[in-house]
Amino acid sequence: MPRVTVVIPNYNGKSCLEVCLAALMKQTLKEIAVIVVDNGSTDGSLAWLRDKYPQVQVISLDKNYGFCVAVNKGIRAADSPYVILLNNDTQPEPEFVAELLRGIQSCPDCFSCQAKMLDYHNRQLIDDAGDYYCALGWAFARGKGGQDKQYMRRERIFASCAGAAIYRKEVFDKIGYFDERHFAYLEDIDMGYRANIFGYRSYFVPEARVYHMGSATTGSVHNEFKVRLSARNSLYVAYKNMPALQLILNSPLLAVGILLKFIFFSRKHLGKEFRQGISEGFRLCKKEFKVPVRRKNFGVYWRIQLELWKNISNRLRKF
């Protein structure tokens with residue numbers, strides 16, 4: 001049995017997979033399995049995988065169902081106690097898997113650990129050193145654009161970026177899998193938020209290093225598809241995870257967050273897509289989708305709220 005299974009979602013990413021899988025084959029930890037879940041690619045990814053990497057398990061889907069469906073299928077198919085989710089547009093260093101495994105095994109109440117994600121093209125710059133969420137309804141990558149040497153300590157984070165993170169598989173059966181209503185974007189924030197509610201922790205493990213090309217599937221940092229889905233999902237994450245009283249408490253800040261983002265994207269000629277996303281987000285806010293309130297965990301909700309307030313100042317410095 002493998003100690004870790006690496007799950008890679010793929011959609012027309014053959015050129016990226018060549019780099020990613022070549023690096024995975026050089027990992028110092030050898031007891032690993034690799035699953036590629038293909039979202040209906042038309043670029044020859046499947047034929048190339050069968051020819052070049054017959055040892056890799058491939059789950060082939062008939063169309064693009066999005067990130068969440070793909071990784072859920074990979075997680076369920078994994079035959080190991082730990083699962084690493086890895087973007088296809090990454091290049092992990094040789095100790096990547098071993099360091100993530102060491103990190104999660106060192107903490108019994110840990111649900112996930114995220115690697116240090118560095119810019120593939122400028123390898124001294126941070127791409128993501130842990131994901132955070134604030135009371136404005138904004139998610140952000142800690143350290144983005146900062147220097148590698150500034151983020152050398154292992155520390156607790158709000159959520160792990162699902163582009164390069166290890167998860168304790170048994171916990172998914174307790175708190176649920178990735179919410180497939182997201183399709184893509186902020187699904188990892190939602191998962192981390194849910195893990196926090198259930199009392200689990202997530203950590204940043206700087207010893208595990210991976211280089212990230214970024215936006216290889218969608219094509220750019222800001223585009224119509226990404227702006228619309230991110231706007232929709234940001235509203236949905238807040239509604240889904242916050243109990244009613246907490247949602248009322250944060251509603252003025254959430255409204256301010258929506259307004260500021262609308263102004264930001266309007267200046268980039270993406271205001272229409274942002275409005276569409278917010279409208280779709282309101283339609284997703286249904287009672288049956290909410291995380292059940294754990295009344296015995298009042299202290300946990302209060303700790304989360306304090307963190308959401310604290311993270312406002314951290315995010316505004318980068319906005």
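These legends accompany close-up views of a predicted model.

**View 1. The largest nonpolar core and its best-connected members.**
Let's start inside the protein, where the largest nonpolar core has 59 residues. Leu85, Phe111, Tyr133, Phe158, Phe178 and Tyr193 touch the most other members. Helix α3 (residues 67-77) gives this core its largest share, six residues. Another core, of 36 residues, lies apart from it and includes Val4, Phe96, Val97 and Ile104. As general background, nonpolar side chains in soluble globular proteins tend to be buried together.

**View 2. Tyrosine 133 and its contacts.**
Here we zoom in on one of the residues that touch the most other members of the largest core, Tyr133. Leaving aside residues up to four places away in sequence, tyrosine 133 touches Trp138, Ala139, Phe140, Phe158, Ile189, Tyr193, Ser234, Val237, Ala238, Met242, Leu308 and Asn311. Among these contacts, Phe158 and Tyr193 are also listed with the core residues that touch the most other members.

**View 3. Helix α4, largely enclosed by the rest of the structure.**
Helix α4 spans residues 96-105. Because eight of its 10 residues are buried, α4 is largely enclosed by the rest of the structure. The buried residues are Phe96, Val97, Ala98, Glu99, Leu100, Leu101, Gly103 and Ile104. Look out for Phe96, Val97 and Ile104, which are among the members of the 36-residue core.

**View 4. Asparagine 233, a buried residue of helix α7.**
Helix α7 covers residues 224-241 and holds asparagine 233. This asparagine counts as buried because its relative accessibility is 0%, where the cut-off for buried is under 20%. Beyond residues up to four places away in sequence, asparagine 233 touches His182, Ala184, Tyr185 and Leu186.

**View 5. A nonpolar patch on the surface.**
Moving outward, we meet Leu249, Phe298, Trp302, Leu306 and Trp309, which together have about 530 Å² of accessible area. Helix α10 (residues 298-316) provides the largest share of the patch, four residues. Tryptophan 309 sits in helix α10 and is partly exposed, with a relative accessible area of 32%.

**View 6. Glutamine 150 in the loop between β9 and β10.**
The final view shows a loop between β9 (139-141) and β10 (155-157), with glutamine 150 in it. Glutamine 150 is exposed, at 52% relative accessible area. A polar atom of its side chain lies 2.8 Å from the backbone nitrogen of glutamine 147. Leucine 125 is 25 residues from glutamine 150 in sequence, and their C-alpha atoms are 9.7 Å apart in space.

Key. Residues numbered from 1 in each chain as written. Predicted model: local features only at pLDDT ≥ 70, side-chain atom pairs only at ≥ 80, totals over all residues. Heavy atoms only, no water. Helix = DSSP H or I, 4+ residues; strand = E, 2+ residues; numbered from the N terminus. Buried < 20%, exposed > 50% of the residue type's maximum accessible area, 1.4 Å probe, protein only. Contact = heavy atoms within 4.5 Å. Patch = residues over 30% accessible without salt bridge, like charges linked within 9 Å, V, L, I, M, F, W, Y side chains within 5 Å. Areas by Shrake-Rupley, 256 points an atom, 1.4 Å probe, with all protein chains shown as cover. Salt bridge = Lys/Arg side-chain N within 4 Å of Asp/Glu carboxyl O. Core = buried A, V, L, I, M, F, W, Y, C linked by side-chain atoms within 4.5 Å. Polar contact = N/O pair within 3.5 Å; in protein donor to acceptor, adjacent residues only side chain to side chain.
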